[in-house]
Amino acid sequence: MELVTGDLKELEKEAKLLMGQLCRNLNLAEAIATVSSLDILSELYYDVTGCVNKKLEK
């Protein structure tokens, strides 16, 4: 995951990919790790932009 480019589109693309994985996970540990990653991306998005991304907050 390369989010250091300064392009928020990369962050949003990674979040979309993780949300898709969350729908497919059968393993509870994987689902928890995916939700944790989405939470981190949400916090990163807020730190960079100063506003909340509604898709990530769901």
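A residue is called exposed here when its relative accessible area is over 50%, and buried when that area is under 20%. With those two words in hand, we can walk through this predicted model. Helix H1 is a good place to try them out: Lys9, Lys13, Lys16, Cys23 and Arg24 are exposed on one side of H1, while Leu11, Glu14, Ala15 and Leu18 in that helix are buried. The buried four cover an arc of only 100 degrees around the axis, so they sit on the same side of H1.

Let us step back to the whole chain. The protein chain has three helices and zero strands, and reading along the sequence gives the pattern α-α-α. Of its 58 residues, 21% are buried. The chain exposes about 4500 Å², and carbon and sulfur atoms supply 57% of that area. Among contacts with a separation of 6 or more, 39% join residues 24 or more positions apart.

Now for the helices themselves. H1 has 17 residues and spans 25 Å from its first C-alpha to its last, close to the 24 Å expected at 1.5 Å a residue. H2 has 22 residues, and the distance between its first and last C-alpha is 32 Å, close to the expected 32 Å.

Like H1, helix H2 can be read by its two faces. Ala31, Thr34, Leu38, Leu41, Ser42 and Tyr45 are its buried residues. They cover an arc of only 105 degrees around the axis, which means that they lie on the same side of H2. Turn to the face that points away from this buried side, and you will find the exposed residues Leu28, Ala29, Ile32, Ile40 and Asp47.

What do the buried sides build? The largest nonpolar core has six residues in all: Leu11, Ala15, Leu18, Leu38, Leu41 and Tyr45. Helix H1 (8-24) and helix H2 (28-49) each supply at least two residues of this core. There is a general trend to keep in mind here: in soluble globular proteins, nonpolar side chains tend to be buried together.

The two ends of H2 reward a look as well. At its start, a side-chain oxygen of Asn27 comes to within 2.9 Å of the backbone nitrogen of Ala29. After the helix comes Gly50, whose phi is positive, near 80 degrees.

Within H2, two residues make a helpful pair to visit. Thr34 has 7% relative accessibility, so Thr34 counts as buried. Its side chain reaches the backbone oxygen of Glu30 at 2.8 Å. Ala33 also lies in helix H2, but Ala33 is partly exposed, with a relative accessible area of 42%. Measuring from C-alpha to C-alpha, Ala33 and Leu22 are 9.4 Å apart in space and 11 residues apart in sequence.

Our last stop is Asn53, found in the loop between H2 and helix H3 (54-57). Is Asn53 buried or exposed? Asn53 has a relative accessible area of 12%, so this loop residue is buried. Leaving aside residues up to four places away in sequence, Asn53 touches Glu12 and Tyr45. Glu12 is 41 residues from Asn53 along the chain, yet their C-alpha atoms are separated by 9.2 Å. Tyr45, the other partner, is one of the six residues in the largest nonpolar core.

Conventions. Residues are numbered from 1 along each chain as its sequence is written. This is a predicted model: local features need pLDDT of at least 70, side-chain atom pairs count only at pLDDT 80 or more; totals for chains, interfaces and linings use all residues. Side-chain values use heavy atoms; hydrogens and water are left out. Buried means under 20% relative accessible area, exposed over 50%, partly exposed in between (1.4 Å probe, protein chains only). Contact means heavy atoms within 4.5 Å. Accessible areas come from the Shrake-Rupley method with a 1.4 Å probe; for residues, only the protein chains shown count as cover. A nonpolar core is a set of buried Ala, Val, Leu, Ile, Met, Phe, Trp, Tyr and Cys residues joined through side-chain atoms within 4.5 Å. The expected span of a helix is 1.5 Å times one less than its number of residues. The arc is that of the directions from the helix axis to the C-beta atoms. A polar contact is a pair of N or O atoms within 3.5 Å; within protein, one must be able to donate a hydrogen and the other to accept it, and residues adjacent in sequence count only if both atoms are side-chain atoms.
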